[in-house]
Every structure is written in C-alpha cells, then in structure tokens.
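Reader: I would like to learn how to read a ligand site and a domain interface. Please take them in turn.

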Amino acid sequence: MIEITHLCRVYGSLVAVNDVSLTIADGEIVAIVGTSGSGKTTLMRMINRLVEPSSGSIKIDGRDNREIPAEELRRGIGYAIQGHGLFPHKTVGENIATVPKLLKWDANRIKARVDELLKIFNLDPAIFRERMPHELSGGQQQRVGVARALAAEPPILLMDEPFGALDPIIRDKAQADLLEIQRRYGTTVVIVTHDMDEAMRLGTRIAVMDKGQLQQFATPAEIIAHPATPFVRELLESGDRALRLLSLRDVAELIEPGDAEGNPIDAATSLRSALAECLWSGRETLPITSEGRLIGRIRRSEIERAARFDNFEGAQR
Ligand SMILES: Nc1ncnc2c1ncn2[C@@H]1O[C@H](COP(=O)(O)OP(=O)(O)OP(=O)(O)O)[C@@H](O)[C@H]1O
C-alpha cells in the first residue's frame, strides 16, 4: 500500500504539487491524469524519491519512504519512462538484466528471467535476446523498457507516459500487455498519462490533477457518472464519450461462437479498437483469438450497442 499524505512540492514560487493525499491499495492500477504542467510527474517521482517532497509524507507498506535505503527502494519500485531509456550499447537481454545484475542474481536465474519476460512480451528470446535496441521497432523497444522495469519483480511499477510515443494500434496492444502483466504478478502500478482514454482503460482508479491539486480520485465509472469539479467534467468532454465507454471494455466481453472472415483480433483488445478495425476493414464481424487460438467472433452491431451509456451502466452493476 502506498499512502500519500498532505504531499507538497514547491519550486520557488510555484507549487507543483499542492497538498495531495491519496492511498493506493496493493494490486491497483492508478492512472494520474491531467493537463501539461499539472504536477503528475512530480507527484509520481516523489514515490521513488527521484524528487524530494517539500512537505508531507509517503509511506510504502507502512514505512516512510525516506527511511527506506535507496537500493531497496530502487529494487522494490520499477520505473519505465517514455522513450524507453534503453542503454543503446547493451543488448536487449543485458538491458533487461540490469537490476537483477545489480542485485547479484546468479547467471542462470538472470537468463531464465530475461527469457521469461521476453516471452511474456511476445518477443522470441532466440531472436531478440542478442539484438541491440536500434534493431527494434518503437513498440518493441517500449516492451523491452517495461520488461526491464519488471525484471526484479518489483511489487510497485511507476510508468511515466510509457505509451505516449506509440501509434494507436500498438498502443492498444501495449496497454493490453500491461493489464496482462498486472494480472499475472499483482503489481501495483502508478501510471502518468495526459490521455483520459488511456486512464479510463487502465486505471482501477484515476487521480485527476490540475495546477498541482488533486481534483478527484475515483474509479472510471464514478468519474464518468459524477465528475467532482468543472475541470474534471471538461477533461471528460474533451473526447467522445461513446468511444471512451468502448475503450473501457474488452472484446472478450462480447464474444459469440462462430467464424468470421479476415485477420483476427486478440480478446484483450478494447472494444474501441475492434470498432475501428470493423470500420477500417469494412467488416461486420471479426474473428477473435486468445493466445493465438481462434475462440469466436464479435459483431459490429453488438459493439455499437455496448457504446450506449445505458448499457455501460448495466455492465457496471
Ligand atoms: N526541477 C524543476 N524545477 C522547477 N520547476 C519544475 C521542476 N520540475 C517540474 N517543475 C514545474 O512543476 C510543474 C509541474 O511539473 P510536472 O512535470 O510534474 O507536470 P506534468 O503534469 O507531469 O506535466 P507534463 O504532462 O507536461 O509532463 C510545472 O510547471 C513544471 O514546470
């Protein structure tokens, strides 16, 4: 559990983070969302002490983070940033092995862990382990960045706009990967994003920041139903609500038995992406796969039905 209490960070006359209190439960994904300069990154970086608070405190599992030795903090908290931050002169395998090496894991354990992570992220170890970062696509580099952050199985993962540079389709896949990893390891994830749709898709709860202040900390459904301040309402209205509702839900929810023509989509894809695929390829139905196996199909008409707010509220109950 991460308990943030009356946290402030001041730069000269600027209050970057202003009296923020919130508690993040184990295994949650908390998305910090807000406009540029609202204090999202500063707030997150105080968790792993890349930034020191001016006042207030952060406790991790009951311990003040200032009392936790730097190495222990680094080991317990993975950190992934936009642009991946991979070491350009190290192979993919060496990049992922960075923290386990610091922790002096033995070579066999490191190799097993590197290969396990590469497989989880759909990168064949035999092909990718020895590659250099510049030999990967942007999406592959992003996955290696997250794999590296997860290498020592940290209970907490901090992510700063990790998917910001990815194109929408790859971004959707990267988000699905993150959800899968989170389910598998039960990692507590704090992710900074300026994209409300991404926050809605990933967050078990969303922290909305404006000018250093926490405007609302609530589930996506609560935020849609009851935006706490005019700013939150404005942020919500900045996109299309029907599409936002679809980005919250996975294809898996609307699977039906049967075949369909053309390229399949994964069951973890958002309904929003599935609709985009229907429209793009002119198909009324799409085949659905899970772990590479065909498991059914989805209908465009069902996706459109799910986009109606009434049905969304029904699905939440
Ligand atoms: N080291 C610093 N020195 C001075 N001012 C800073 C420093 N770091 C951040 N700030 C200021 O604090 C405010 C909050 O910055 P922060 O990076 O937390 O915002 P953000 O919400 O993450 O923005 P973005 O989405 O643009 O990354 C900004 O006005 C920024 O200019």
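Reader: Which atom of the ligand pairs with the side chain of Lys 40, and at what distance?

Author: A polar contact is a pair of N or O atoms within 3.5 Å; within protein, one must be able to donate a hydrogen and the other to accept it, and residues adjacent in sequence count only if both atoms are side-chain atoms. Here an oxygen atom of the ligand sits 2.8 Å from an N or O atom in the Lys 40 side chain. For Thr 42, a side-chain N or O atom is 2.5 Å from a ligand oxygen. Gly 37 uses a polar backbone atom, 2.8 Å from an oxygen of the ligand. This is a predicted model: local features need pLDDT of at least 70, side-chain atom pairs count only at pLDDT 80 or more, and totals for chains, interfaces and linings use all residues. Side-chain values use heavy atoms, without hydrogens and water, and residues are numbered from 1 along each chain as its sequence is written.

Reader: How much of the ligand does the protein cover?

Author: Accessible areas come from the Shrake-Rupley method with a 1.4 Å probe; for residues, only the protein chains shown count as cover. The ligand on its own has 630 Å² of accessible area, and the protein covers 56% of that.

Reader: Which element gives the most residues to the shell around the ligand?

Author: Helices (H or I, at least four residues) and strands (E, at least two) are DSSP runs, numbered from the N terminus. α1 gives the most, with three residues. β2 (14-24) and α1 (40-45) are the elements that give two or more.

Reader: And the interface: how many residues of domain 1 and domain 2 are in contact?

Author: Contact means heavy atoms within 4.5 Å. Domain bounds come from an automatic or database domain assignment: domain 1 is 2-239 and domain 2 is 244-316. 15 residues of domain 1 touch 13 of domain 2.
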